[in-house]
Amino acid sequence: DSSCVEYLGDAFPAVWPDFGPGVLAAFLGADAEPATGTVWFRPKEEKEISDIHFEYDPENVWLKRVKEICRIAMDRWEGLVQVAMTDLGGNLDVLSTFRPGEKLLTDLVDYPDEVKRLTMEEHRAWWRCFEDIDSILRTKNPGYTAWCPIFSETPYYMLQCDFAYMIGPKMFDEFVKPELTETCRKLSNPFYHLDGVGQLPHLDSLLSIPNLKGVQWVPGAGKPQGEEWPDVYRRIFAAGKRSEFVGDWRNFDKLVDKLGTADGFVMFVSVPKEQRREAEAFLKRYGAI
């Protein structure tokens with residue numbers, strides 16, 4: 001029961017209209033198929049890449065539903081609860097809904113101009129949807145947050161491109177980075193969701209984006225967890241960015257011992273009441289309370 005939750009440190013109450021990761025695909029006409037714990041998006045019909053076109057549709061049923069939920073939340077909580085932006089998704093991730101599997105991978109080689117065209121059409125639709133939903137949220141929201149609940153007083157979003165796991169740095173720089181750079185330019189506090197070791201080859205390129213404020217590093221299933229990657233965090237901090245620690249908060253001390261500092265980290269800790277004293281001691285150790 002969220003009414004029994006206490007928020008310590010910089011924590012805050014937040015909810016978000018979760019219609020699945022990459023719901024922009026549904027806003028652009030894909031079918032949404034709910035499943036246990038997630039939503040799958042599939043095109044109504046598979047088309048050749050040259051026949052696909054993306055356009056913002058203010059009458060889209062899924063977009064209207066998300067907006068209605070946001071309106072109700074604004075009326076219900078009057079700014080006492082931070083309502084987050086829905087998970088719009090990343091550029092090639094959304095495109096891969098309409099060109100699934102290996103098709104988009106081969107398109108990068110066979111039809112690079114079409115991929116770039118669609119990436120920017122999607123970019124424009126992404127921003128129209130973001131601004132449309134935000135026009136409701138900012139009426140009473142005290143700030144901005146997203147599926148990763150970092151609080152920001154000015155526009156923030158957790159960006160991503162999980163599809164980048166399957167491509168090399170050259171293709172990342174050609175097909176992913178330009179759109180990310182433009183989105184980072186428009187956001188005050190953009191973060192990037194670096195998901196899995198297959199994305200590490202793109203880290204230096206990401207860190208060169210001027211307005212990217214931070215990187216959330218997620219090693220991935222079966223890999224050593226956050227405290228075992230001090231060199232990744234050193235690279236992030238050396239570029240003047242921040243990072244989110246993802247892992248067991250009780251192992252954070254081990255990472256700090258390796259780095260020599262806790263500066264630049266954001267992290268989220270949720271504990272049962274039996275661990276409250278331990279959690280408060282942790283927060284005090286790092287000046288959070």
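This passage looks at one open sheet and the two largest pockets in a predicted model.

The sheet is a good place to start. Its five strands line up in the order E5-E6-E7-E8-E9, and their pairing is parallel. At the edges sit strand E5 (156-159) and strand E9 (265-266), each with a partner on one side only. Further in, strand E7 (residues 214-218) runs parallel to strand E8 (residues 242-244), and three bridges join the two. Val 215 stands opposite Ser 243 in E8. In general, the strands of a sheet pair through backbone hydrogen bonds, either parallel or antiparallel.

Then there are the pockets. The largest one has a volume of about 1200 Å³. Its lining takes in 39 residues, and Leu 8, Ala 11, Met 267, Phe 268 and Val 269 are the closest to its centre. Edge strand E9 turns up again here: along with strand E1 (14-15) and helix H10 (276-285), E9 gives two or more residues to this lining. H10 gives the most, with four residues. By residue type, the lining of the largest pocket splits into 30 nonpolar, five polar and four charged.

The second largest pocket holds about 540 Å³ of space. Of the 24 residues that line this pocket, Pro 21, Trp 40, Asp 93, Ser 96 and Thr 97 lie nearest its centre. Strand E3 (38-42) and helix H3 (91-98) are the elements that give two or more residues to the lining, and E3 has the largest share, with five residues. The lining of the second largest pocket is made up of 10 nonpolar, nine polar and five charged residues.

Methods: Residues are numbered from 1 along each chain as its sequence is written. This is a predicted model: local features need pLDDT of at least 70, side-chain atom pairs count only at pLDDT 80 or more; totals for chains, interfaces and linings use all residues. Side-chain values use heavy atoms; hydrogens and water are left out. Two strands pair if DSSP finds at least two bridges between them. On a 1 Å grid over the protein atoms alone, a cavity is a set of points where a 1.4 Å probe fits but cannot get out, and a pocket is an open set with protein on both sides within 12 Å along at least five of seven lines; lining residues have an atom within 4 Å of a point. Grid points are joined across faces, edges and corners, and a volume is the space filled by probe spheres set on the points. Ala, Val, Leu, Ile, Met, Phe, Trp, Tyr, Cys and Pro count as nonpolar, Asp, Glu, Lys and Arg as charged, and the others, Gly among them, as polar.
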